[in-house]
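Q: I have a new structure to read. Where do I begin?

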Amino acid sequence: MADAFPKIKQVKFEGPDTRNDYAYKHYNPDELVEGKTMREHLRFASCYWHTMRGRGAEIFGMPTAVRPWDDFSESMENALRRVPVFFELLEKLQIDYYCFHDRDVAPEGKTLKESHKNLDRVVKELAKAQKNSGKKVLWGTACLFQHPRFMHGAATSPDLNAFAYAAGQVKKALEVTHELGGEGYVFWGGREGYFTLLNTDMKRELDHLGAFMHMAVDYKKEIGFKGPFYIEPKPKEPTKHQYDTDAATTLNFLRQYGLMKDFKLNLETNHAQIAGHTMQHDLETAIAANALGSVDANMGDWQLGWDTDQFPTDLYITSHVMLCVLKMGGFTTGGLNFDAKVRRESFEPEDLFLAHIAGMDTFARGLKIAARIRHDGRIADFVKQRYSSWDSELGKKIEKGKSNFAELEAYALKLGEVKTIRSGRQEYLESLFNDFI
Ligand code: XUL
Ligand code: CO
C-alpha cells in the first residue's frame with residue numbers, strides 16, 4: 001500500500017457519539033437493514049476523475065489542491081504513481097468500488113494507438129491493485145468531451161472522422177472495462193448536443209447517436225461483456241442543450257432507436273437538479289420504465305444553476321434516493337458512485353477523506369431513514385388509500401384496457417357529482433417525513 005495519508009488509519013464505524021473525525025458515525029458496513037448489509041445496499045464507489053485528478057481550478061482561479069504524490073504532469077510515471085494512492089484511499093475508507101474514464105487514469109497520447117498503449121500500461125497496474133485489495137470497478141467510461149477534436153460532439157459530431165475516433169476510443173474503453181471486471185459501462189454525452197440550431201441537423205445527429213449505440217451493443221456482445229450499458233442524462237453544461245436531457249428524454253431516445261433492452265440509466269442528483277427536477281423525480285421516471293441502473297451520488301446548490309458536484313450531505317436527498325432504491329428492490333450491478341469533488345477551499349489531502357466520510361454517513365442515514373419510513377408504512381398506506389377507488393371492478397377493468405368511453409359516460413351519468421374526492425394532505429405528509437429525519 002502507498003503511504004500518501006500516513007496520519008489516517010483505517011476509517012471504521014464508531015457510532016454517532018464518536019469525536020474521531022476519521023470514523024463513521026452511521027456507516028456500519030456489516031449492519032443489517034431490511035435483511036441486507038449496509039455494504040450490500042449502498043455499494044459505494046469513488047470516482048477517479050474528481051478524487052485523483054481534481055485540482056480545484058476554475059475559470060477565475062488557479063488550482064488549489066495540495067497532492068504531494070502528484071507532480072501534475074501528464075507523464076506516465078505520474079499516472080502510475082496515482083494508482084496505489086487511490087487504492088490506499090479506497091482501502092482506508094472501506095469503499096468497495098471505483099469508476100473511471102480512460103483519460104483520467106492514463107494520459108492521452110499523440111495518436112490513438114499511443115493512447116491505447118498508455119491505457120494498457122495503467123490498466124495493468126489497476127488490475128494488480130484490484131487483485132491485492134479486492135476492490136472492483138463499478139463502471140468504466142470513455143472521455144469524449146475534453147479533447148478539441150470533440151468540440152462539436154463525438155457520436156453526434158458533424159465530422160465523420162471525430163465520430164470514428166470516438167468509436168475507436170469507446171471500443172478500447174469497453175475492452176479495458178471488461179478486462180478489469182467492470183460491472184457496467186457508462187455513456188455520458190457531454191458534447192452530444194448543440195450551442196445553436198443554426199448550424200445543427202438535429203435529426204441527423206440523433207440518428208448517428210443511435211447508430212453509435214447499436215455498434216457499442218454489438219461490440220459488447222462480441223467481447224462477451226455482460227454488464228449493462230448506462231446512459232447518464234444531463235441537460236446542459238458543457239453544451240447549451242444536451243440530447244440526454246433527463247431520464248424521460250433519454251428513455252424516449254432509447255425507445256425510438258430500439259435500445260431499451262440494452263440500456264439502463266445512471267442518474268446523477270446534480271444533473272436532475274439542473275434539469276429543473278428533483279432527483280426523486282428522475283428516479284421514479286426510470287423505475288417506472290424498469291430502467292434504473294446506477295446513481296451518481298452528489299448534490300448541487302439550489303442557488304446555482306450549474307453542476308457543482310458537491311458531496312451529498314443533504315439528508316432529505318439521500319433518504320429520498322434510498323427510498324427509491326429500496327422500492328426497486330435494491331441495486332444489482334449499479335451502486336452509489338460519488339461523482340463529487342471537494343470544494344476548492346477544501347484543498348488538503350485529508351479533505352478527500354472527510355468528504356467521502358460525510359457522503360457515506362449521510363447515505364447510511366438515508367438508508368436507515370428510508371427503511372424506517374417503509375417499516376412504519378403510513379406514507380405508503382396513504383398513497384395506497386389515495387388510489388383505492390381504482391381497486392374496484394371498474395378500476396381494474398380500465399387498468400386492463402377493457403373499458404371504453406361509453407361505459408364511463410353511463411357510469412358518470414349515474415354519479416350525479418364526484419363526491420369521493422379526498423385531501424392530498426401534503427403538509428401532513430411533509431411533516432410526517434420530517435419525523436423520520
Ligand atoms: C459530468 C459527469 C461525468 C460522468 C461520466 O457532469 O457527471 O463525470 O459521470 O462521464
Ligand atoms: Co456523473
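A: Begin with a cysteine. C47 is buried, with a relative accessible area of 0%. Keep in mind that this is a predicted model.

Q: Is C47 paired or unpaired in a disulfide?
A: C47 is in no disulfide. The nearest cysteine sulfur belongs to C99 and is 7.3 Å away. A disulfide needs two cysteine sulfur atoms within 2.5 Å.

Q: What about C143, buried or exposed?
A: C143 is buried, at a relative accessible area of 5%. C143 is in no disulfide either. Its nearest cysteine sulfur, that of C47, is 13 Å away.

Q: How many disulfides does the structure hold?
A: The count is zero.

Q: How do I read the domains?
A: Look at the residue ranges. Domain 1 covers 32–376, and domain 2 covers 393–436. Their C-alpha centres lie 40 Å apart.

Q: Now the metal. Which residues are the protein donors of the cobalt ion (ligand 2)?
A: Look for side-chain oxygens close to the ion. E232 and E268 each give an OE atom, while D296 and D339 each give an OD atom. These donors lie 1.9 to 2.2 Å from the cobalt ion (ligand 2).

Q: Why is the arrangement around the cobalt ion (ligand 2) octahedral?
A: Read the angles. The six donor atoms subtend angles of 78 to 173°, so the arrangement is octahedral.

Q: What spacing do the donors of the cobalt ion (ligand 2) follow along the chain?
A: The pattern is E-x35-E-x27-D-x42-D. Take E268 and D296: they are 28 residues apart, and the pair links distant parts of the chain. E268 sits in strand β12 (residues 263–268). D296 sits in strand β13 (residues 292–296).

Q: Are E268 and D296 buried or exposed?
A: E268 is buried, at 2% relative accessibility. D296 is buried too, with a relative accessible area of 0%.

Q: Why is β13 largely enclosed by the rest of the structure?
A: Count its buried residues. Five of the five residues of β13 are buried, so the rest of the structure largely encloses this strand.

Q: Which strands pair with β13, and how do they run?
A: Follow the bridges. β12 and β13 run parallel, joined by four bridges. One of the pairs is N266 with S294 in β13. β13 also runs parallel to strand β14 (residues 336–338), with two bridges between them. There, V295 stands opposite L336 in β14.

Q: What unit do β13, helix α11 and β14 make?
A: Trace the chain from strand to helix to strand. β13, helix α11 (residues 315–327) and β14 make a right-handed β-α-β unit.

Key:
Residues are numbered from 1 along each chain as its sequence is written. Chains are lettered from A and ligands numbered from 1 in the order in which they are written. This is a predicted model: local features need pLDDT of at least 70, side-chain atom pairs count only at pLDDT 80 or more; totals for chains, interfaces and linings use all residues. Side-chain values use heavy atoms; hydrogens and water are left out. Domain bounds come from an automatic or database domain assignment. Buried means under 20% relative accessible area, exposed over 50%, partly exposed in between (1.4 Å probe, protein chains only). Donors are N, O and S atoms within 2.8 Å of the metal (3.2 Å for Na, K and Ca); water is not among the atoms, so sites may look incomplete. Four donors count as tetrahedral if all angles lie between 85 and 135 degrees; four count as square planar and six as octahedral if opposite donors are over 155 degrees apart and all others between 65 and 115; anything else is irregular. Two strands pair if DSSP finds at least two bridges between them. A crossover is right-handed if, with the strands pointing away from the viewer, the path from the first strand over the helix to the second runs clockwise.
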